[in-house]
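Let's take a walk through this fold together, one piece at a time. Keep the viewer open so you can click along.

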Amino acid sequence: MPFAAALLDLDGTLLNTIPDLADASNAMLAELGLEELPQEQVATYVGKGTPHLVARLLQERDTEAGRADPQARFQQALAAFLRHYHACNGRRAVLYPGVVEGLQAMRAQGMKLAIVTNKPTEFTPPLLRMKGLDAYFDHVVCGDTCAEKKPHPMPLLHACELLGVQTAQALAIGDSLNDAQAARAAGVHVLAVPYGYNEGASVHDLDVDAIVSSIEDAARWAGEH
Ligand SMILES: O=C(O)COP(=O)(O)O
Ligand SMILES: [Mg+2]
């Protein structure tokens, strides 16, 4: 049976958002009097949502000031990150090759499309609009839409419900273990792209149906299965 829907991850799958996320991370670290981190290291903290990213940044850098009241320090860091990311969001992020072609091909195959990202709602629709991607999607499920984030299956199950498709007819496409684990737990098929973040690990170790080189390649795979 052909796929009725594709559930697309955002960061590391459709858009390289690391330059903006690293700028916001480093602006936050500087504001707290902490040393900056290279973009490649920030990339390994992306994928489980913004609070996780901020916690990992602090874990790496905040060895002294944060010890007295870690919860207050975390709230201070999170507020600073959110403020800086509002200023950076979309500024340097770029689409990966084959994204537009792939989304168009999936739509032409009659597939419904949804975004399922761990990025918070306050950043996601504005970013999709800035990059000209908003018109392709029937629904957008963000990191704070459901009670749980990926790797929990809830956001993927919620997207299937919104789209009115059975999980067995849905295809998730992502760049990390969070997408792969969520998809397996939800009972949806899943493809991985190799150019994203995956917390610094190899995508070849992921439990996925296939690794595809681009979203265009994913559309081709969906048409053949
Ligand atoms: O915000 C994140 O941590 C990553 O978002 P993603 O789910 O689109 O990869
Ligand atoms: Mg991702």
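**Two domains and a ligand**

Start with ligand 1: domain 1 (5–17 + 93–224) and domain 2 (18–88) both give residues to the shell around it, so ligand 1 lies between them. Keep in mind that this is a predicted model. There are 15 residues around ligand 1, and the ones that come nearest are L10, D11, T117, N118 and K119. As for the make-up of that shell, it has seven polar, five charged and three nonpolar residues.

Now zoom out to the two domains. The protein chain is divided into domain 1 (5–17 + 93–224) and domain 2 (18–88), and their C-alpha centres lie 25 Å apart. Domain 1 puts 15 residues into the contact and domain 2 puts in 12 residues. On the domain 1 side, the residues that touch domain 2 comprise eight polar, four nonpolar and three charged.

Next, the sheet. It is an open one, with six strands in the order β5-β4-β1-β6-β7-β8 and parallel pairing. Which strands stand at the edges? They are β5 (139–141) and β8, each with a single partner strand, so one side of each is left without a neighbour in the sheet.

Let's move inward to β4. All five of the five residues of this strand (residues 112–116) are buried, so β4 is largely enclosed by the rest of the structure. In a regular strand the side chains alternate between the two faces of the sheet. Here both faces are covered: L113 and I115 are buried on one side, and K112, A114 and V116 are buried on the other. Strand β4 pairs in the parallel sense with β1 over four bridges and with β5 over three bridges, also parallel. You can pick out individual partners if you click on I115: L8 stands opposite I115 on β4, while in β5 the bridge partner of I115 is V140. To get from β4 to β5, follow helix α6 (residues 124–130); β4, α6 and β5 make a right-handed β-α-β unit.

Hop across to β6 and ask: how many of the five residues of β6 are buried? Five of the five (residues 170–174) are, so β6 is largely enclosed by the rest of the structure. Both faces of β6 are covered, with A170, A172 and G174 buried on one side and L171 and I173 buried on the other. Strand β1 (residues 5–8) runs parallel to β6, and four bridges join them; A5, for one, stands opposite A170 in β6. Four bridges also join β6 to strand β7 (residues 189–192), again in parallel, and the β7 bridge partner of G174 is A192. Helix α8 (residues 177–186) completes the picture here, as β6, α8 and β7 make a right-handed β-α-β unit.

One last stop is Y197, which sits in the loop between β7 and β8 (210–211). Is Y197 buried or exposed? With 24 other C-beta atoms within 10 Å, Y197 is buried, since the cut-off for that is 20 or more. Leaving out residues up to four places away in sequence, Y197 touches G12, A43, T44, V46, G47, D175 and S176. If you'd like a distance to check in your viewer, try the C-alpha atoms of Y197 and C146: these two residues are 51 residues apart along the chain, and their C-alpha atoms are separated by 23 Å.

Definitions and conventions. Residues numbered from 1 in each chain as written. Chains lettered and ligands numbered in written order. Predicted model: local features only at pLDDT ≥ 70, side-chain atom pairs only at ≥ 80, totals over all residues. Buried ≥ 20, exposed ≤ 12 C-beta atoms within 10 Å, placed from the backbone. Helix = DSSP H or I, 4+ residues; strand = E, 2+ residues; numbered from the N terminus. Pairing = 2+ DSSP bridges. Right-handed = clockwise from strand over helix to strand, strands pointing away. Contact = placed C-beta atoms within 7 Å. Near = placed C-beta within 6 Å. Nonpolar A, V, L, I, M, F, W, Y, C, P; charged D, E, K, R; others polar. Domains from an automatic or database assignment.
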